[in-house]
Amino acid sequence: MPRPPVEEPVMEAAMASPGLGVPAAPAPLLSVQGVSLQYRTREHVITATHRVGFDVHRSDRFVLLGPSGCGKSTLLKAVAGFIRPVEGRITLNGRVVDRPGPDRMMVFQEFDQLLPWKTVLGNVMFPMQVSRCCSRAEARERALRSIDKVKLGKFRDAYPHMLSGGMKQRAAIARAMALEPDILLMDEPFAALDALTRRQMQDELLALWEDTRFTVLFVTHSIEEAVVVGSRILILSPHPGRVRAELNAHQFDHRHQGGAEFAALHRRIHAMLFAEADGAAAARGPKHD
Ligand SMILES: Nc1ncnc2c1ncn2[C@@H]1O[C@H](COP(=O)(O)OP(=O)(O)O)[C@@H](O)[C@H]1O
Ligand SMILES: [Mg+2]
């Protein structure tokens with residue numbers, strides 16, 4: 001019987017440990033390699049990111065952190081497949097991303113995109129019905145599974161105005177998850193919320209992650225939010241965005257806020273974000289730990 005073709009990520013993983021008996025690192029789910037992104041207007045070329053690279057593994061809460069205008073949203077749009085890199089490449093499951101697809105779902109800001117005249121179940125079923133991905137019976141089946149996963153089973157017949165902010169977030173995520181994407185994309189989803197609600201939504205997101213272990217690529221310009229929400233943080237320089245550093249933050253949540261370790265990491269990130277010597281930092285290359 002002919003052997004199935006070996007997929008690229010397997011090859012890459014194998015090359016990572018060339019016969020040393022060290023187990024190969026699992027291939028990343030999403031790989032962004034040397035990606036430069038540009039907007040072209042009639043008069044100008046605006047470079048949004050310059051040779052940005054990072055890997056997202058399954059169940060990562062991967063945060064892109066950087067000041068406004070550094071290209072975070074543009075990067076997310078490129079991962080979603082709306083913009084093509086002028087340099088470098090983006091792969092998901094080893095396949096080059098060159099168009100939007102149901103394997104990547106954008107969850108939009110504030111979750112107010114739930115249709116007020118539809119129940120939770122109706123909302124979750126809606127995109128499956130519009131995209132005709134499956135029969136009505138299967139859409140219902142998938143929607144119910146997804147609603148159960150986010151623990152909204154008791155509220156499946158409720159309308160959005162009857163739900164708290166956190167429950168609306170769960171419904172919006174259930175709707176995205178019903179399409180069975182590999183990764184959720186969130187662009188500053190809590191930016192417009194007041195501080196208390198924002199904190200509550202971050203906690204809800206973490207609780208939901210504990211339940212379902214989804215993979216999320218999350219954009220923010222807030223250091224606190226990055227440290228609380230992220231398991232890994234990619235720090236980008238101001239315009240055009242370049243990688244300053246990639247850090248671990250999986251050990252932190254709101255309970256650590258105000259603690260010495262949290263404050264030290266915050267200071268470290270702040271210093272990296274606002275380091276003046278862009279050239280010197282670039283010459284040293286991105287830091288990893
Ligand atoms: N549609 C567009 N046309 C031209 N330039 C754009 C467009 N969208 C964003 N930009 C520019 O690209 C850069 C990165 O923008 P963006 O990705 O929105 O940054 P961020 O999300 O980090 O705030 C900025 O300089 C912005 O002005
Ligand atoms: Mg943005």
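In the predicted model, four strands assemble into an open sheet with the strand order 2-1-4-5, and their pairing is antiparallel. The edges of this sheet are formed by strand 2 (45-56) and strand 5 (95-96), each of which pairs on one side only. Helix 2 (residues 72-80) packs on the sheet, where it touches strand 1, strand 2 and strand 4 (87-92). The direction of helix 2 makes about 115° with that of strand 1. In general, strands of a sheet pair through backbone hydrogen bonds, in either a parallel or an antiparallel manner. Here, strand 1 (residues 30-40) and strand 2 run antiparallel and are joined by eight bridges. Within this pair, L30 of the chain stands opposite V56 in strand 2.

Strand 2 and helix 2 also take part in the surroundings of the ligand. The shell around ligand 1 consists of Y39, I46, A48, G66, S68, G69, C70, G71, K72, S73, T74 and H239. Two or more residues of this shell are given by each of strand 2 and helix 2. Helix 2 provides the largest share, namely three residues.

A further element examined was helix 8 (residues 260-273), which has 14 residues. The distance from its first C-alpha to its last is 20 Å, close to the 20 Å expected at 1.5 Å a residue. The buried residues of helix 8 are F262, L265 and I269. These residues lie on the same side of helix 8 because they cover an arc of only 70° around the axis. The packing partners of the buried residues of helix 8 are helix 7 (223-229) and strand 9 (232-236). On the other side of helix 8, by contrast, the residues A260, A263, A264, R267, H270 and A271 are exposed.

Burial was also examined at a position in helix 5 (residues 165-178), which contains A172. With 24 other C-beta atoms within 10 Å, A172 is classified as buried, because the criterion for burial is 20 or more such atoms. A172 and L114 are 58 residues apart along the chain, yet a separation of 6.9 Å is found between their C-alpha atoms.

Note on methods: Residues numbered from 1 in each chain as written. Chains lettered and ligands numbered in written order. Predicted model: local features only at pLDDT ≥ 70, side-chain atom pairs only at ≥ 80, totals over all residues. Pairing = 2+ DSSP bridges. Contact = placed C-beta atoms within 7 Å. Axes fitted to C-alpha atoms, helices over the stretch in contact; angles between N-to-C directions. Expected span 1.5 Å × (residues − 1). Buried ≥ 20, exposed ≤ 12 C-beta atoms within 10 Å, placed from the backbone. Arc of directions from axis to C-beta. Near = placed C-beta within 6 Å.
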